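Subject: The structure I promised you

Hi,

Here is the structure we talked about, ready for you to open and turn around on your screen. Have a look at it first, and then read on for what turned up in it.

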Amino acid sequence: MAATTGAAAGAAAPVNTDASARQTLERALSGLALKKRITLLGSTGSIGTQTLDIVAACPDAFSIVGLAAGGNVDLLVEQAVLFRPAIVAIRDASKYGALRAALTDAGVTCEVVAGEEGVVAVAAYGDADVVVTGIVGVAGLQPTLAAIRAGKDIALANKETLIAGGPVVLPLLKEHGVTMTPADSEHSAIFQCLQGAPADSLSKVILTASGGAFRDWNAADLEKVQLSDALKHPNWSMGAKITIDSATMMNKGLEVIEAHYLFGAAYDDIDIVVHPQSIVHSMVEMADTSVIAQLGWPDMRLPLLYAIAWPARVSMPYERLDLVKVGALTFRAPDLAKYPCIELAYAAGRLGGSATAVINAANEAAVELFRQDKVHYLAIPKLIEATLDAHRSDWLANPSLDDIVALDSYARTVVNGFVDAGRYLK
């Protein structure tokens, strides 16, 4: 494999080392019954509710230590009644009183905390074995770092942890001996394909992409896009932001950056292919040219289950994959004229350092402006590119955590400044 590029060149990939392979074998042969204590960050979101579906289906295998949510008091209370955590947090501190009163009325006795500090406290709390990081955006970075420092293994469902924070997160994982398992479908597939493989046997990572809402549109027709069009994902049920990222295929570009950090793959050794059926969740090519793939129905519960149960396999009552029913698996190259965000992500990844934090924040800001009907869909890549160009003059090779937080705010300010100045308006 070619040498890695960017800020992570000297850092160990958390899940593609000979040490991680030995750990997999040791855990698999330990003979211990599976019983994992879980803390869930972002419990009322898509990742959170699906994780709790798994816990509810496997009460002998999993239990809940802590829950943290953004602002949905009613759902958080329902979850606390069902799973009886020791601690809950509400990020919106103005709802602390309402949450505490509702929990008391429901007969739930637990510690209740609020605000950013409360979410961080839940992440580091108690005897949880695994912390599932389901908070969307860079807001999930600080709680994840707190969990790592507390020695908790991480089921990574928050891309920004590595995309924005990779230069800080990788050394911290190594320092605290923490395992990080990917909980999204693509990186879980790669992780599964690499189980038992020597670290130096990986030749190429092949990320599959559905193509999103516009995979069958012509590039020229994107001028007609409305928000409702971008939210119609053909295969997956996800939140609004990630569904729009899938439409632009920035989600896949960000996954390229994440794969670089997770598996130590150079950017020249990470490919994207459009696979409309979303049955092959990603593949790896090995040094001998063998290609190994992980297949399954498009169901987010499968990678979440593996992330929290690893290295165990848990019997579940899910529909089995029937390849005859699938009928055909097809693949094609992404149309870069239709998906300019892909090349922007590769450019930021190759630049490395602070560039990946900036492109992530610029994308979040641009998508939010599109959701607010302040810019057209086609303005999203233009705003991202302009922000990345503006950042080149103050780019940092080895950003600190404080740098990453500051640059996240900087990028959002730049994006909104362009729009306030009348650039890229509808």
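Let's start with a small detail. In the hairpin formed by β10 and β11, four residues sit between the two strands, and Thr289 takes a positive phi near 80° there. Before you go further, keep in mind that this is a predicted model.

**The sheet around that hairpin**

Which strands does the hairpin belong with? They are part of an open sheet of four strands, in the order β9-β8-β10-β11, and the pairing is mixed. At the edges you'll find β9 (270-274) and β11 (291-295); each has a single partner strand, so one side of each is left without a neighbour in the sheet. From one strand to the next, the twist averages 20°.

In case the word "pairing" is new to you: strands of a sheet pair through backbone hydrogen bonds, and they can do this parallel or antiparallel. The hairpin strands, β10 (residues 280-286) and β11, run antiparallel and are joined by five bridges. To find them on screen, try two pairs of residues. Glu285 has Val291 of β11 as its bridge partner, and Val280 stands opposite Leu295, also in β11.

Two helices go with this sheet. α9 packs on the sheet and touches β8 (202-209), β10 and β11, with its direction making about 40° with that of β10. Helix α12 (residues 250-263) lies across β8 and β9, and runs at about 150° to β8.

**The other sheet**

Now move to the seven-stranded sheet. This one is open too, with the order β4-β3-β2-β1-β5-β6-β7 and parallel pairing. Its edge strands are β4 (111-114) and β7 (180-182), each of which pairs on one side only. Here the twist averages 20° from one strand to the next.

For a pair to look at, take β1 (residues 36-41) and β5 (residues 130-133): four bridges link them in the parallel sense. One place to check is Ile38, whose bridge partner in β5 is Val130. Helix α2 (residues 46-57) packs on this sheet, touching β1, β2 (62-69) and β5, and its direction makes about 160° with that of β2.

There is also a record to compare with. An unreviewed UniProt entry places the feature "domain: 1-deoxy-D-xylulose 5-phosphate reductoisomerase N-terminal" at residues 38-166. In the model, that span is 44% helix and 22% strand, and its end C-alpha atoms lie 23 Å apart.

**The empty spaces**

How do you look for holes in a protein? Rolling a probe the size of a water molecule over the atoms shows where empty space is left. Counting cavities of 30 Å³ or more gives two.

The largest cavity has a volume of about 60 Å³. Its lining is made up of Ser185, Ser188, Ala189, Gln192, His281, Gln294, Trp297, Asp299, Leu302 and Pro303. By type, four of these are nonpolar, five polar and one charged. Which helices supply at least two residues each? That would be α9 (185-193) and α13 (301-309). The largest share, four residues, comes from α9, the helix that packs on the four-stranded sheet.

The second largest cavity has a volume of about 40 Å³. Ten residues line it, and Lys36, Val130, Asp153, Thr181 and Ala307 are those nearest its centre. You have already met Val130 as the bridge partner of Ile38. Strand β6 (residues 153-156) gives the most to this lining, with three residues. The lining divides into five nonpolar, two polar and three charged residues.

Last comes an open space: the second largest pocket, with about 480 Å³ in it. It is lined by 20 residues, and Leu302, Leu305, Arg313, Val314 and Tyr318 lie nearest its centre. Leu302 is also in the lining of the largest cavity. Both β11 and α13 supply at least two residues to the pocket lining, with the largest share, five residues, coming from α13. What kinds of residues line this pocket? They divide into eleven nonpolar, four polar and five charged.

That's the tour. Happy exploring!

Note on methods
Residues are numbered from 1 along each chain as its sequence is written. This is a predicted model: local features need pLDDT of at least 70, side-chain atom pairs count only at pLDDT 80 or more; totals for chains, interfaces and linings use all residues. Side-chain values use heavy atoms; hydrogens and water are left out. UniProt positions are given in the numbering used here, feature names are shortened, and annotations may be inferred rather than shown by experiment. On a 1 Å grid over the protein atoms alone, a cavity is a set of points where a 1.4 Å probe fits but cannot get out, and a pocket is an open set with protein on both sides within 12 Å along at least five of seven lines; lining residues have an atom within 4 Å of a point. Grid points are joined across faces, edges and corners, and a volume is the space filled by probe spheres set on the points. Ala, Val, Leu, Ile, Met, Phe, Trp, Tyr, Cys and Pro count as nonpolar, Asp, Glu, Lys and Arg as charged, and the others, Gly among them, as polar. Two strands pair if DSSP finds at least two bridges between them. Axes are lines fitted to C-alpha atoms, for helices over the stretch in contact, and angles run from 0 to 180 degrees between N-to-C directions. Contact means heavy atoms within 4.5 Å.
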